[in-house]
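Q: Please go through the ligand site and the backbone geometry of this model, and say on what grounds each term is used.

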Amino acid sequence: MTFPIRVRVPASSANLGSGFDTLGMGLTFYNVYEVLELLPSGTYQVEVVGEGSRELEDPAANLVIRSYEAAFEAWEREAPGLVFRALNAVPLCRGLGSSAGAVVGGVLLANALRERPLSKEELLPLMVRLEGHPDNVVPCCVGGMVVSCWDGERLRYLRLTSMPPDVSVVVAVPEFRVSTKAAREVLPEVVSLKDAVFNVSRAALFTAAWATGSWEHLLWAMEDKLHQQFRAKLFPGGEEILSEIRKSPECMGVAISGSGPSMMAFVKGNPQGVAGRMCRIFSGNGVRSRFFVLDVDEAGAKLSGGGGRVATGA
Ligand code: HSE
């Protein structure tokens with residue numbers, strides 16, 4: 001077995017406006033999780049550098065460790081304890097898929113200890129079941145822009161083609177956190193047929209536009225009536241960013257990233273300028289924020305080291 005066993009997981013941005021719980025993409029922004037040594041079962045030494053340091057050093061509060069244990073539980077094997085280190089760049093509870101990254105990372109580390117490791121394809125249903133949101137988990141695991149369908153048991157997904165190199169993904173990240181749970185609680189249980197049709201048509205347009213390179217349709221295709229209007233009220237500046245940034249000539253589409261409060265935009269030319277405008281809108285609403293200019297991650301989660309020692313049957 002080769003140590004450290006290391007997995008690099010990308011951040012992700014889900015929904016893309018209209019594709020609620022369906023569309024998502026990996027981002028070139030990463031956390032790295034490392035297993036430095038194995039320990040007796042139930043024993044953990046956890047070090048977290050960067051986002052979430054201290055709060056995530058308790059193994060019971062660390063979603064990577066919990067997912068690692070859950071994977072072994074699913075395989076009905078005892079999980080070895082770990083000397084574990086996380087290098088966390090992705091801010092927590094900001095709609096950038098940090099939970100999905102933790103689950104994907106934890107399951108992949110567990111898989112690296114199997115005598116017969118499973119493929120990503122085989123691991124994905126377990127990952128989605130543990131995390132709950134295929135639109136973050138699948139792109140984090142396999143990379144790219146992904147359309148996912150999950151019925152609670154079965155997963156189907158398709159990766160779309162790459163984004164053009166002259167387009168950037170701009171993400172403005174406010175200082176405060178909003179949990180996905182809180183951001184789901186503000187959503188209505190029932191929506192009108194008119195609003196459902198509004199979103200179905202746009203999400204379909206998004207996929208067709210992305211698949212055929214018809215980028216001029218994205219701005220329209222990212223419009224939404226199912227979640228953003230309710231969630232934007234939780235983030236001062238969110239509504240204004242949605243309405244103002246789309247007027248920028250460089251903006252190809254703008255949305256709440258996942259369940260927020262980060263905001264994302266596809267930008268062609270001058271990404272720093274658009275990002276600066278997003279952050280100024282946040283600060284005009286009394287919210288401090290920072291921005292990142294990113295690309296779509298096409299590689300997904302990447303593992304090195306390991307080599308398997310836990311017999312897990314076929
Ligand atoms: N589709 C999910 C939501 C993503 O918007 O609640 C959670 O990150």
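A: A residue counts as near a molecule if one of its heavy atoms lies within 4 Å of it. The residues that surround the ligand are Asn 15, Phe 20, Asp 21, His 133, Asp 135, Asn 136, Thr 180, Arg 184, Arg 231 and Ser 259. This is a predicted model, in which local features need pLDDT of at least 70 and side-chain atom pairs count only at pLDDT 80 or more, while totals for chains, interfaces and linings use all residues. Residues are numbered from 1 along each chain as its sequence is written, and side-chain values use heavy atoms, with hydrogens and water left out.

Q: What makes the approach of Asn 136 to an oxygen atom of the ligand a polar contact?
A: A polar contact is a pair of N or O atoms within 3.5 Å. A polar side-chain atom of Asn 136 is 2.7 Å from a ligand oxygen, so the pair qualifies. Polar side-chain atoms of Asn 15 and Arg 231 each lie 2.8 Å from an oxygen atom of the ligand, and therefore these pairs qualify too.

Q: How much of the ligand does the protein bury?
A: The protein buries 96% of the 260 Å² that the ligand exposes when taken alone. Accessible areas come from the Shrake-Rupley method with a 1.4 Å probe.

Q: What classes of residue make up the shell around the ligand?
A: The shell has one nonpolar, five polar and four charged residues. Asp, Glu, Lys and Arg count as charged, Ala, Val, Leu, Ile, Met, Phe, Trp, Tyr, Cys and Pro as nonpolar, and the others, Gly among them, as polar.

Q: Which helices and domains supply the shell around the ligand?
A: At least two residues come from each of α4 (134–142) and α5 (180–185); helices are DSSP runs (H or I, at least four residues) and strands likewise (E, at least two), numbered from the N terminus. Domain 1 (2–160 + 298–306) and domain 2 (167–294) each give at least three residues.

Q: Why do Leu 16 and two peptide bonds deserve mention?
A: Most residues other than glycine have a negative phi, and most peptide bonds are trans. Leu 16, in the loop between β1 and β2 (23–39), has a positive phi of about 50° although it is not a glycine. The bond from Phe 3 to Pro 4 is cis, with omega near -5°, and Pro 4 is in strand β1 (residues 2–14). The bond from Gly 260 to Pro 261 is also cis, with omega near 5°.

How values were computed
A polar contact is a pair of N or O atoms within 3.5 Å; within protein, one must be able to donate a hydrogen and the other to accept it, and residues adjacent in sequence count only if both atoms are side-chain atoms. Domain bounds come from an automatic or database domain assignment.
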